[in-house]
Amino acid sequence: MLADYALLLVGAVLVNNFVLVQFLGLCPFMGVSNKLETAMGMSAATTFVLTLASVCSYLTYNYLLVPLELAYLRTISFILVIAVVVQFTEMVVRKSSPLLHRVLGVYLPLITTNCAVLGVALLNINKSHSFTQSLFYGFGAAVGFSLVLVLFAAMRERLTVADVPEPFQGAAIGMVTAGLASLAFMGFAGLV
Amino acid sequence: MKFIHNIHGGIHPPEEKALSRPGTVLDAGLPNTLILPLSQHIGAPAEPVVAVGDTVLGGQLVAQATGNVSAGVHAPTSGTITDILMHAVPHPSGLDNHCIVITPDGQDRWQTLVGISDFREIEPSALVDSIHAAGIAGLGGAGFPTATKVLARAGIAIDTLLINGTECEPYITADDTLMQTNARAVVEGAEILAYIVGAQTILYGVEDNKPAALNAMQQAVTALGNGEHREVLTFPTKYPSGGEKQLIEILTGKQVPSGGLPADVGIVCQNPGTAVAVRDAIIDGKPLTDRIVTLTGRALSQPGNYRVRLGTPVSHLLEQANFNPGKKQRLIHGGPMMGFALASTSVPIIKTTNCILAPTAEELPEPPPAQACIRCGLCAEACPASLLPQQLYWYARAKDQEQLEKHHIFDCIECGACSWVCPSHIPLVQYYRAAKANIHETRQERQRSDRSKARFEARQARVEREAAEREAKRAARKAAAQQKAATADGEDPVQAAIARAKAKKAQATLNGESD
Amino acid sequence: MTELVYQYPLIAALTALLALGLIFGALLGFASVRFRTEGNPLADQINELLPQTQCGQCGYPGCRPYAQAIADGDAINKCPPGGQETIDSLADLLDVEAEPLDAEHGAEKEPRVAFIREDECIGCTKCIQACPVDAILGAAKHMHTVIADECTGCDLCIEPCPVDCIDMVARRSGISHWHWPMPTASGGALDIIASDQEAA
């Protein structure tokens with residue numbers, strides 16, 4: 001029983017990592033990974049949003065849409081749920097750390113359009129996950145996202161001070177690094 | 001036999017010690033002029049207490065210490081004060097600094113020196129005062145005022161005195177020579193210092209490439225026979241074992257905490273030359289006026305260790321050692337690892353001059369141009385402070401002060417081991433020196449701007465308050481005037497004033513016309 | 001209920017969405033009250049980084065107004081006394097690009113302090129009134145002098161002086177302020193061509 005959840009987690013974090021294997025959520029991945037602290041703030045925000053949105057989506061789907069045979073409305077309602085959760089998160093962030101709010105800037109409300117969040121919500125439905133499974137899946141996706149974001153931010157910080165040839169400076173070398181990291185994560189294939 | 005520890009990293013550059021024939025002290029004699037910089041130590045410069053034209057005796061105070069971290073300067077011989085001016089001094093910048101110039105009269109008359117026969121009868125604080133009065137600063141190269149270093153600090157107990165006879169830098173043999181020729185004075189000085197700081201144990205550290213010095217020290221310590229807790233320890237030669245923190249780790253296994261001082265682990269470290277200076281000051285009453293300087297390098301035909309009066313111009317010494325300058329000849333103040341090049345030979349020998357190195361171009365070639373860092377990590381292997389020089393290099397280049405402090409840049413002892421091993425010949429230590437200076441500057445600027453902000457806001461508040469007071473007074477005046485007008489017989493005071501003025505003017509014109 | 005749904009699926013869908021919207025709206029409304037923020041602490045953080053010379057070269061009457069402007073989105077490269085270092089630390093704080101100093105607002109000069117030539121001072125107090133940090137000591141018809149430690153080098157006292165007796169002198173000079181320069185890319189060994197040498 002517990003093993004199932006563990007496997008679900010490992011699968012979401014490493015094997016089918018949402019960013020580097022499934023290529024979802026690339027916008028904040030490239031946009032917020034310039035500094036380690038910003039990345040950590042962003043991953044905390046996204047974890048919060050993902051887990052909460054995953055649960056809320058599950059509840060909305062199973063207790064509102066399905067009984068009323070409105071399953072076809074899931075995309076719209078999930079987007080609604082996610083937008084609300086993100087808005088809520090933004091308020092919390094602005095209150096607790098105005099600097100993080102200013103630094104994350106437009107990327108905080110853009111979590112709404114983060115395809116990883118919507119992806120998790122929809123995948124939960126596709127895979128017919130139970131409540132606990134949805135929770136773990138959402139949390140695992142968030143942990144995977146955070147892991148990759150933090151790793152990538154640390155690498156980009158080093159790249160900023162390194163001797164990169166001019167044509168490659170900035171986003172270019174970032175993309176190359178992301179590609180190599182993606183290759184590395186494909187090594188997990190077959191683990192679960 | 002005490003267990004010797006090892007430090008992380010370190011390098012083994014060619015020693016070149018035999019070149020300067022350690023064990024013999026030659027006399028450099030009296031030069032024609034003595035230039036005494038007012039700042040030969042860490043801390044505030046000394047202030048002159050003599051004037052141009054004064055006659056001074058040897059040992060006389062010519063500049064007094066200012067403040068808590070400072071040291072005085074004494075005349076090394078009798079003569080006249082010829083000048084107090086800005087003169088070239090040994091400093092990596094090549095800039096001038098305030099100096100007192102003495103022209104010796106050749107007679108070498110000294111003022112009466114009063115010593116103490118048994119120092120244990122005197123209070124340690126009085127001995128510290130004597131050390132302060134003798135103008136003693138650390139002779140190992142840094143020049144920290146000794147009196148300040150041995151001053152007891154509340155809550156800090158010292159249990160061990162370490163005499164640093166390591167002299168790990170290549171070429172330099174001044175301490176080696178001192179220990180070989182005057183081991184007894186070193187031990188006596190150490191006993192005085194241990195008494196002052198309250199240390200029970202004295203450890204003498206001598207690297208194993210100095211067997212004669214080791215022998216001499218061993219004999220002196222046994223002869224003076226203060227029993228246990230007095231040990232002469234030897235350890236394998238490695239650069240930079242002579243760094244204070246490194247030596248402490250080697251001999252005691254203790255590590256000085258990051259950003260801390262040896263006193264934090266109950267240890268005080270002193271150079272043997274400083275110990276001898278302390279002994280001379282206390283027992284003979286003689287202030288610090290001379291030291292042993294190694295003159296070495298293959299551009300000199302007579303390298304050796306010379307006893308030199310402070311203030312002797314380097315040119316005088318180079319004559320004594322038969323200097324044959326080559327093309328692009330460099331003169332290095334200090335050793336090849338931590339020394340700096342001198343801009344002119346007119347600079348004087350100061351308290352921190354342990355060596356003048358005159359290498360030929362083949363002996364010590366100019367460093368090749370730096371190439372790109374290949375991230376080999378040899379620098380991290382060599383660092384005796386267990387830092388990450390490669391990261392410090394990248395962050396120093398990127399001017400990332402936050403990361404530099406996170407990587408403990410201020411724990412770097414600037415020994416140069418990392419630059420020495422770098423296959424790309426990157427001058428790493430210079431990056432760290434520049435970075436440290438920039439961080440200090442930023443901190444200072446930040447303090448300044450905080451102060452300015454406070455003053456500005458105080459001024460804003462004052463101006464607003466004054467404006468408010470003026471406004472209040474004006475309003476009060478107006479209210480009072482209105483009150484007055486109200487209590488008067490309905491007359492408008494303004495109209496009344498105008499009428500009075502008109503009357504006065506009419507009167508004036510009347511008077512004027514009538515004249 | 002379910003019959004209604006079968007008969008009018010559109011109504012059901014709309015009702016469901018409306019219900020969702022109302023619930024979430026209520027949640028957000030509650031949150032907006034609970035997590036209200038006051039003031040603009042970001043402007044304070046920016047102000048901490050500015051050099052506080054209050055000189056006005058950025059176009060704003062002092063450092064605090066400029067800090068507020070930056071918080072509202074103005075460019076960060078308008079402060080000459082702060083120089084490139086201040087621009088870099090502002091860029092770090094706000095996670096934006098660090099641009100070079102805007103030449104329109106002045107050039108970066110070495111830090112300076114004012115110095116009054118006392119022989120010529122007439123004691124008019126005009127400079128005292130102009131100084132934004134009260135760094136000039138003096139009174140009417142008495143000698144004026146600049147407290148060098150407090151002077152920010154803002155130049156605001158130069159103009160009001162009727163006898164033009166104030167000089168700006170370099171603050172950091174001499175052997176005590178010298179420090180090792182950052183090595184050039186070639187490590188210094190190839191700096192024999194004068195035009196390749198960088199100022200120490």
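**View 1. The largest nonpolar core of the predicted model and its best-connected residues.** The largest nonpolar core has 99 residues, and those with the most contacts inside it are B:Ile136, B:Leu161, B:Val186, B:Leu193 and B:Met217; the model shown here, as in the views that follow, is a predicted one. Helix H3 of chain B, spanning residues 174-197, gives the most to this core, contributing 13 residues. In soluble globular proteins, nonpolar side chains tend to be buried together.

**View 2. The surroundings of B:Val186, and a second core.** When residues up to four places away in sequence are not counted, B:Val186 touches B:Ile163, B:Leu178, B:Met179 and B:Met217, and likewise B:Ala220, B:Pro272, B:Ala275 and B:Val276. A second core, separate from the one to which B:Val186 belongs, has 63 residues, and among its members are A:Leu20, A:Phe139, A:Ala178 and C:Leu50.

**View 3. The packing of helices H3(B) and H4(B).** The axis of H3(B) and that of helix H4 of chain B, residues 211-224, come within 8 Å and cross at roughly 10°. Because angles under 35 degrees count as roughly parallel, H3(B) and H4(B) are therefore roughly parallel to each other. On the H3(B) side, the contact is made by B:Asp176, B:Met179, B:Gln180, B:Ala183, B:Arg184, B:Val186 and B:Val187, while H4(B) supplies B:Ala212, B:Ala213, B:Ala216, B:Met217, B:Gln219, B:Ala220, B:Val221 and B:Leu224. Sorted by class, the residues of this contact between H3(B) and H4(B) comprise 11 nonpolar, 2 polar and 2 charged.

**View 4. An open sheet of 4 strands in chain B.** The strands of this open sheet follow the order E2-E8-E7-E4, and their pairing is antiparallel. Strand E2 (34-37) and strand E4 (55-56) of chain B form the edges, each of them pairing on one side only. Between E2(B) and strand E8 of chain B, residues 96-104, there are 4 bridges, and the two strands run antiparallel; in E8(B), B:Ile100 is the residue that stands opposite B:Leu36. Strands of a sheet pair through backbone hydrogen bonds, either parallel or antiparallel.

**View 5. The interface between chain A and chain C.** Here 23 residues of chain A are in contact with 18 residues of chain C. On the side of chain A that touches chain C, helix H3 (36-65), helix H4 (74-96) and helix H5 (98-104) of chain A each supply at least two residues, and H4(A) gives the most, with 9 residues. By class, the residues on this side of chain A divide into 13 nonpolar, 5 polar and 5 charged.

Definitions and conventions
Residues numbered from 1 in each chain as written. Chains lettered and ligands numbered in written order. Predicted model: local features only at pLDDT ≥ 70, side-chain atom pairs only at ≥ 80, totals over all residues. Contact = placed C-beta atoms within 7 Å. Nonpolar A, V, L, I, M, F, W, Y, C, P; charged D, E, K, R; others polar. Core = buried A, V, L, I, M, F, W, Y, C linked by C-beta atoms within 7 Å. Buried ≥ 20, exposed ≤ 12 C-beta atoms within 10 Å, placed from the backbone. Pairing = 2+ DSSP bridges. Axes fitted to C-alpha atoms, helices over the stretch in contact; angles between N-to-C directions. Parallel < 35°, antiparallel > 145°, perpendicular 65-115°, else oblique.
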